[in-house]
Amino acid sequence: DQESEDDLSASRTSLERQSPHRGNTTVHVCWHRNTSVSMIDFSIAVENQLSGNLLRKFKNSNGWQKLWVVFTNFCMFFYKSHQDNHLLASLPLLGYSLTLPSESENIHKDYVFKLHFKSHVYYFRAESEYTFER
């Protein structure tokens, strides 16, 4: 699989089609991005899981899409709602940086954070300060 800016729009990667287990995602990403994860970091990651609603900014528009997001095992998994069993997309986060958008990015909303890796940039917005801090 070749990485592209459309990671989130793809419904499933070829690896996910072959094996639906979320645990394989970390192995795939470590191999693909030529990195590793320590056993301590892995242990901390599996003990710290989050889920809730986030809004994702559409590319080149002012629109936002509300998604149910599960963060676990170094990856964000996206669903239409908390009741949905069908995965819309996943975003492995190894190698990504978390920052706040700059003024020049013209995102004039509260509780927005930016995830970026090389040329891949994603903007997410929380619905409250509490969710944003989490």
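Accessible areas here come from the Shrake-Rupley method with a 1.4 Å probe; for residues, only the protein chains shown count as cover. This is a predicted model, where local features need pLDDT of at least 70, side-chain atom pairs count only at pLDDT 80 or more, and totals for chains, interfaces and linings use all residues. Residues are numbered from 1 along each chain as its sequence is written, and side-chain values use heavy atoms, leaving out hydrogens and water.

**Exercise 1.** Work out what the protein exposes and what share of its residues is buried.

*Solution.* Start with the surface: about 8800 Å² is exposed, and carbon and sulfur atoms supply 50% of that. Next, the inside: of the 134 residues, 36% are buried (under 20% relative accessible area, 1.4 Å probe, protein chains only).

**Exercise 2.** Find how far you can trust the model, using pLDDT (the predictor's confidence in each residue, from 0 to 100).

*Solution.* Take the average first: the mean pLDDT is 79, and 75% of residues reach 70 or more. Then look for weak spots: residues 1–5 stay under 50, and residues 9–24 are below 50 too.

**Exercise 3.** Place Arg-125 and check its surroundings.

*Solution.* Step one: Arg-125 sits in strand S7, residues 120–125 (strands are DSSP runs of E, at least two residues, numbered from the N terminus). Step two: beyond four places in sequence, its contacts (heavy atoms within 4.5 Å) include Trp-64, Asp-110 and Tyr-111. Step three: Arg-125 is buried but has no salt bridge (a side-chain nitrogen of Lys or Arg within 4 Å of a carboxyl oxygen of Asp or Glu). The nearest side chain of opposite charge, Glu-127, is 6.9 Å away.

Technical notes. Helix = DSSP H or I, 4+ residues; strand = E, 2+ residues; numbered from the N terminus. Buried < 20%, exposed > 50% of the residue type's maximum accessible area, 1.4 Å probe, protein only. Lys, Arg positive; Asp, Glu negative; His and termini not counted.
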